[in-house]
Amino acid sequence: MSRIGDNPVLIPDGVSIDIKGQLIVVKGTKGSMDVSIHPEMKVSKKDNYLIVSRPSDHRKHKALHGTTRQIIASAVTGVSEGYKKELEINGIGFQANIQSERLVLQLGFSHDIIFEPPEGIKIMTGSRTEITVSGFDKQLVGEVAAKIRSFRKPEPYKGKGIRYKGEYVRSKQGKTVGGVG
């Protein structure tokens, strides 16, 4: 029994949903998304809720049931509220700036890293060491945040690099000097 798939998706005010066969168009204040669902899953609209149903209790259908419901719920949340990921930069001289919609990172390399965000993603810098990635597509926001983090992952000895806000990086002990003996 899929516990996630059985929960109906609440449609908040300001969000409109059109079901066109296997394509669900979700429109809201933040943007519009097209969600394509598996041909065997059925989506119906009752009052202010979307209900996802499966044809049988086969293992494949159970897995698709919960996944389909969650993808639709993420799209509804994205177009109404949006998603954001916060990153922080640690290291002396490491900083981030926004120049004409592009992110410019100085991470200790001989050159600056210039990152052009994809359409639908907005990147902001609060201070020089904080980056906020926001948008209405949950998957794309996560991908962009992971791409920015990959430019300089946090290293375990000094903790320098880009990390998610609140991420714990386990630190290692450095080399010890052996005595002559």
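In which sense do S5 and strand S6 (residues 49-53) pair, and over how many bridges? The legends below take up this point after an overview of the whole chain, which is shown here as a predicted model.

**Figure 1. Overview of the predicted protein, with three helices and 13 strands.**
The model is a prediction, and its C-alpha atoms fill a box of roughly 75 × 50 × 25 Å when the box is taken along the principal axes. The radius of gyration of the protein is 22 Å, whereas a compact globule of 181 residues would have one near 16 Å. Of the 181 residues, 34% count as buried, and the protein exposes about 11,500 Å², of which carbon and sulfur atoms supply 49%. Among the contacts with a separation of 6 or more, 51% are accounted for by residues that stand 24 or more positions apart.

**Figure 2. Close-up of the open sheet whose strands follow the order S1-S6-S5.**
Three strands make up this sheet, and their pairing is antiparallel. The edges are formed by strand S1 (9-10) and strand S5 (42-46), each of which pairs on one side only. To return to the opening question, S5 and strand S6 (residues 49-53) pair in the antiparallel sense, and they do so over five bridges. Two of the facing positions can be followed from residue to residue: Lys42 stands opposite Ser53 in S6, and Ser44 stands opposite Ile51 in S6. The hairpin of S5 and S6 has two residues between the strands, and within this hairpin Asp47 takes a positive phi near 55 degrees.

**Figure 3. Close-up of helix H2 (residues 59-80), which lies across S1, S5 and S6.**
The helix runs at about 160 degrees to S6. A residue to look for in helix H2 is Ser74. Is Ser74 buried or exposed? Ser74 has a relative accessible area of 14%, and because residues under 20% count as buried, Ser74 belongs to the buried group. Leaving aside residues up to four places away in sequence, Ser74 touches Tyr83 and Lys138.

**Figure 4. Close-up of Met33, a residue of strand S4 (residues 32-36).**
The relative accessibility of Met33 is 15%, and therefore Met33 counts as buried, the limit being under 20%. Which residues does Met33 touch, not counting residues up to four places away in sequence? They are Ile24, Val25, Val26, Ala75, Val79, Phe136 and Asp137. To give a sense of distance in the model, the C-alpha atoms of Met33 and Arg128, which are 95 residues apart along the chain, are separated by 32 Å.

**Figure 5. Close-up of the open sheet whose strands follow the order S8-S9-S10.**
Three strands build this sheet as well, with antiparallel pairing. Strand S8 (95-99) and strand S10 (113-115) stand at the edges, and because each has a single partner strand, one side of each is left without a neighbour in the sheet. From one strand to the next, the twist averages 25 degrees.

**Figure 6. Close-up of the hairpin formed by S8 and S9, with two residues between them.**
S8 and strand S9 (residues 102-106) run antiparallel and are joined by five bridges. Among the bridge partners, Gln99 is matched with Arg102 in S9, while Ile98 is matched with Leu103 in S9. In the turn, Ser100 has a positive phi of about 45 degrees.

**Figure 7. Close-up of the hairpin formed by S9 and S10, with six residues between them.**
How many bridges pair S9 and S10? The two strands pair over three bridges, in the antiparallel sense, and one of the bridge partners to look for is Ile114 in S10, which is matched with Val104. In the turn of this hairpin, Gly108 has a positive phi of about 90 degrees.

Key. Residues numbered from 1 in each chain as written. Predicted model: local features only at pLDDT ≥ 70, side-chain atom pairs only at ≥ 80, totals over all residues. Heavy atoms only, no water. Pairing = 2+ DSSP bridges. Helix = DSSP H or I, 4+ residues; strand = E, 2+ residues; numbered from the N terminus. Contact = heavy atoms within 4.5 Å. Axes fitted to C-alpha atoms, helices over the stretch in contact; angles between N-to-C directions. Buried < 20%, exposed > 50% of the residue type's maximum accessible area, 1.4 Å probe, protein only. Rg over C-alpha atoms; globule rule 2.2 N^0.38 Å. Areas by Shrake-Rupley, 256 points an atom, 1.4 Å probe, with all protein chains shown as cover.
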